[in-house]
Amino acid sequence: MAMSPKMEFRQSQSLVMTPQLMQAIKLLQLSNLELVAYVEAELERNPLLERASEPDSAEHDLPSPHDEPPAPIDTGAPVSGDWLETDLAPTREAIETRLDTDLGNVFPDEGPAERLNTPGQTGGGSTAEWGGGGDRGEDYNPEAFLAAETTLADHLEAQLAVAEPDPVRRLIGLNLIGLIDETGYFSGDLDAVAAQLGTTRAQVEDVLRVIQTFEPSGVGARSLSECLALQLRDRNRCDPAMQALLDNLELLARHDRNALRRICGVDAEDLADMIAEIRRLDPKPGLAYGGGVIHPLVPDVFVREASDGSWLVELNSDTLPRVLVNQMYHATVAKAVRSPQEKTFLADCMQSASWLTRSLDQRARTILKVASEIVRQQDAFLVHGVRHLRPLNLRTVADAIGMHESTVSRVTSNKYISTPRGVLEMKFFFSSSIASSGGGEAHAAEAVRHRIKTLIEAETVDDVLSDDTLVQKLKEDGVDIARRTVAKYRESMNIPSSVQRRREKVAARGDAAAAAG
């Protein structure tokens with residue numbers, strides 16, 4: 001078959017991901033903090049963008065230049081026509097004549113020129129010069145006088161400077177302190193520190209032992225048992241029996257007291273005292289010295305009940321950045337543009353600014369639409385609680401509002417709703433379904449988890465529910481569920497098995513009886 005070049009027309013449709021479309025998709029899945037940071041970066045980059053701020057009410061109170069001047073107030077006293085031309089500041093000669101002395105005798109530490117104006121000046125000096133508490137200027141910041149929060153690293157470095165006068169050992173200590181996390185545990189590798197500083201592991205370990213004597217007690221430990229042992233040594237309570245208990249914390253976690261009594265060689269009463277002493281220790285001593293900045297959970301949507309029983313859904317305006325395109329500035333700059341590069345840059349800035357404002361508006365509308373549909377679907381949960389949470393998936397909401405499933409997924413990521421049941425993540429309302437044993441309406445997985453947790457919390461020491469018993473009780477409530485599913489839900493809520501729960505309740509009852517006796 002001969003090959004030859006030829007021309008032909010072909011028509012097809014394809015979806016092209018333009019930069020503007022990619023920006024709109026990106027904005028949908030950003031949280032409110034990430035959105036504020038993104039908009040701040042755009043405001044720095046694009047000169048045509050500006051914040052849309054509320055008009056200052058004080059501006060409306062300013063007098064207009066066309067207003068009539070206020071009429072003078074009649075006080076009954078004679079008014080001189082040239083009183084504004086009179087210098088109200090007292091001169092040095094007048095004050096010295098009135099006091100019958102030299103001003104140097106009145107202010108011996110400061111010259112009179114520092115306190116009073118000279119005859120050629122107008123005004124009587126600022127409030128700050130007279131030591132008053134008036135205007136401190138626009139740059140006055142009362143927070144500048146607050147003490148900075150002491151971090152764990154600062155606290156340890158201050159103790160290291162006193163404990164280690166040798167600069168070499170102090171350098172090793174600074175490196176070790178840098179590898180202590182916020183909870184107070186040493187998370188580094190001693191061999192790596194020794195190789196980095198060109199020293200021996202023995203010297204690094206020796207400096208670490210010094211740091212482990214610092215406050216807070218237990219800092220610099222490499223494991224939980226070592227952290228507790230350091231605190232017990234400070235209290236002179238780390239005897240061989242206590243050390244044996246610390247070496248078998250996994251048995252303590254399982255409440256296997258019989259095995260602990262054999263290992264430690266103590267009776268039940270002594271073991272109870274040892275466990276009580278361990279419970280009084282701090283497993284994370286470093287948290288007492290500051291930490292990272294805690295950002296409050298700010299909801300994106302508010303849901304409240306209306307007077308007629310319906311639900312009002314509204315966006316949180318505080319989380320929505322307000323930006324505008326400065327058309328006047330664009331028109332002014334466009335008149336002075338000359339080169340093609342400047343015209344291209346200005347056109348790109350204008351297009352980017354317009355798309356950003358449009359994308360922010362579309363994002364707000366989409367969030368409100370998705371949130372309204374979620375509230376409509378989960379009305380029973382808002383009224384009666386988590387046991388009435390309905391099974392819901394992304395496709396159901398997407399079909400109801402006429403959007404794609406992926407769009408709903410992006411909208412519900414990192415978004416929160418403030419409801420009468422608390423501030424909840426949007427993803428919380430989406431739950432898989434579990435069939436009903438009677439063939440009725442399916443149950444939401446989150447509602448089944450809540451039911452399992454409620455049954456376990458109500459059990460007694462003589463009636464601890466196994467997974468099989470939980471399955472039977474759930475079937476009596478109309479939930480058709482397998483035993484492995486119950487075990488999976490129980491483990492996801494960090495609830496131990498029935499055997500361990502029985503040990504915990506027996507141990508708690510024994511501790512209560514010992515305390516009462």
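These questions and answers cover a predicted model of one chain.

Student: How many helices and strands are there in the chain?
Tutor: The model is predicted. Helices and strands are both present in its one chain. The count is 24 helices and 8 strands.

Student: What percentage of the 517 residues in the chain is buried?
Tutor: Buried here takes a relative accessible area under 20%. The chain has 517 residues. The buried share is 32%.

Student: What share of the exposed area do carbon and sulfur atoms supply?
Tutor: The chain exposes about 33,300 Å². Of that area, carbon and sulfur atoms supply 52%.

Student: Among contacts between residues at least 6 apart in sequence, what share joins residues at least 24 apart?
Tutor: A contact needs heavy atoms within 4.5 Å. Pairs at least 6 apart in sequence form the pool. Those at least 24 apart make up 60%.

Student: How far apart in space are T407 and I25, C-alpha to C-alpha?
Tutor: T407 lies in helix α20, residues 405-411. In sequence, T407 and I25 are 382 residues apart. Residues that T407 touches, beyond four places away in sequence, are L28 and T366. From T407 to I25 the C-alpha distance is 8.1 Å.

Student: Why are the buried residues of α14 on the same side?
Tutor: Helix α14 spans residues 257-264, and R257, A259, L260 and C264 are buried there. They sit on the same side of α14 because they cover an arc of only 155° around the axis.

Student: Which residue just after α14 takes a positive phi?
Tutor: Helix α14 covers residues 257-264. Just after it, a phi of about 70° appears, and the residue is G265.

Notes: Residues numbered from 1 in each chain as written. Predicted model: local features only at pLDDT ≥ 70, side-chain atom pairs only at ≥ 80, totals over all residues. Heavy atoms only, no water. Buried < 20%, exposed > 50% of the residue type's maximum accessible area, 1.4 Å probe, protein only. Helix = DSSP H or I, 4+ residues; strand = E, 2+ residues; numbered from the N terminus. Arc of directions from axis to C-beta. Areas by Shrake-Rupley, 256 points an atom, 1.4 Å probe, with all protein chains shown as cover.
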